[in-house]
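Colleague: Could you take me through one part of this model closely, and then show me what lies around it? I am still new to reading structures, and plain words would help.

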Amino acid sequence: HWLIYLLRSIEKFVPRTLYRDIIITCTPHDYNYFRSFLELFSLPIRIITANDVKIENGPHNGSYFTQMYTKFHPYEYSDADFFIHMDSDTMFK
């Protein structure tokens, strides 16, 4: 799964002093699936559920808009001063 590769790259290549938390947002339906990855890592991971944001009718009515919403509202999930958004195609080396 893409998330395992992303988290392994963070664990291996990103110094722990550069971040406070790793926040994974997902739908309530996917919570247990993402939670199953936690025991594989010694990272400060928090999983936060967010219901799909319905903005308009169309082929991307749901998860795509939820992803955009959470990226524009990170302060709802953390009190950090700075945020970095990573997607499934992000890796660190």
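Modeller: Happy to! Let's start with Tyr33, which counts as partly exposed because its relative accessibility is 41%; here buried means under 20% relative accessible area, exposed means over 50%, and partly exposed is in between, with a 1.4 Å probe and protein chains only. Before we go on, please keep in mind that this is a predicted model, in which local features need pLDDT of at least 70, side-chain atom pairs count only at pLDDT 80 or more, and totals for chains, interfaces and linings use all residues. Residues are numbered from 1 along each chain as its sequence is written, and side-chain values use heavy atoms, with hydrogens and water left out.

Now for the rings. Rings of Phe, Tyr and Trp (its six-membered ring) pair if their centres lie within 6.5 Å; planes under 30 degrees apart are stacked, those over 60 are edge-to-face, and the rest are tilted. By this rule there are three aromatic pairs. In one of them, the ring centres of Tyr33 and Phe34 are 5.4 Å apart and the planes meet at 70 degrees, so this pair is edge-to-face. Phe34 also pairs edge-to-face with Phe37, at 6.3 Å centre to centre and with 65 degrees between the planes. Together, Tyr33, Phe34 and Phe37 make one aromatic cluster. How buried or exposed are the two Phe residues? Phe34 has a relative accessible area of 10%, so it is buried, and Phe37 is buried as well, at 7%.

Let's place that cluster in the whole chain. The chain has three helices and two strands, and from the N terminus they run α-β-α-β-α. These elements are DSSP runs numbered from the N terminus: helices are H or I with at least four residues, and strands are E with at least two. Of the 93 residues in the chain, 31% are buried.

Helix α1 is a good next stop. It has twelve residues and reaches 17 Å from its first C-alpha to its last, close to the expected 16 Å; the expected span is 1.5 Å times one less than the number of residues. The buried residues of α1 are Leu3, Ile4, Leu6, Leu7, Ser9 and Ile10. Their cover includes β1, α2 (31-35) and β2.

That brings us to the core. A nonpolar core is a set of buried Ala, Val, Leu, Ile, Met, Phe, Trp, Tyr and Cys residues joined through side-chain atoms within 4.5 Å. The largest one here has 16 residues, and Leu7, Ile10, Leu43 and Ile45 touch the most other members. Two or more of its residues come from each of α1 (2-13), β1 (22-26) and β2 (45-49), and α1 gives the most, with five. Leaving out residues up to four places away in sequence, Leu43 touches Leu7, Ile10, Glu11, Tyr19 and Ile22; a contact means heavy atoms within 4.5 Å.

How do the strands fit in? β1 and β2 run parallel and are joined by five bridges, where two strands pair if DSSP finds at least two bridges between them. Side chains alternate along β1: Ile22, Ile24 and Cys26 point to one face and are buried, whereas Ile23 and Thr25 point to the other and are not. Opposite Ile22 stands Ile45 in β2. Ile45 is buried because its relative accessibility is 14%. Not counting residues up to four places away in sequence, Ile45 touches Leu7, Ile22, Ile24 and Leu38. Its C-alpha atom is 7.3 Å from that of Ile24, although the two are 21 residues apart along the chain.

Finally, look at some links across long stretches of sequence. Val14 is in the loop between α1 and β1, and it is buried because its relative accessible area is 16%. Apart from neighbours within four places, Val14 contacts Ser9, Tyr19 and Phe92. Val14 and Phe92 are 78 residues apart along the chain, yet their C-alpha atoms are separated by 7.3 Å. Asp89, in the segment after α3 (63-72), is exposed, with a relative accessible area of 67%. The C-alpha atoms of Asp89 and Leu6 are 8.1 Å apart, with their positions 83 residues apart along the chain. Among the chain's contacts with a separation of 6 or more, 48% are between residues 24 or more positions apart.
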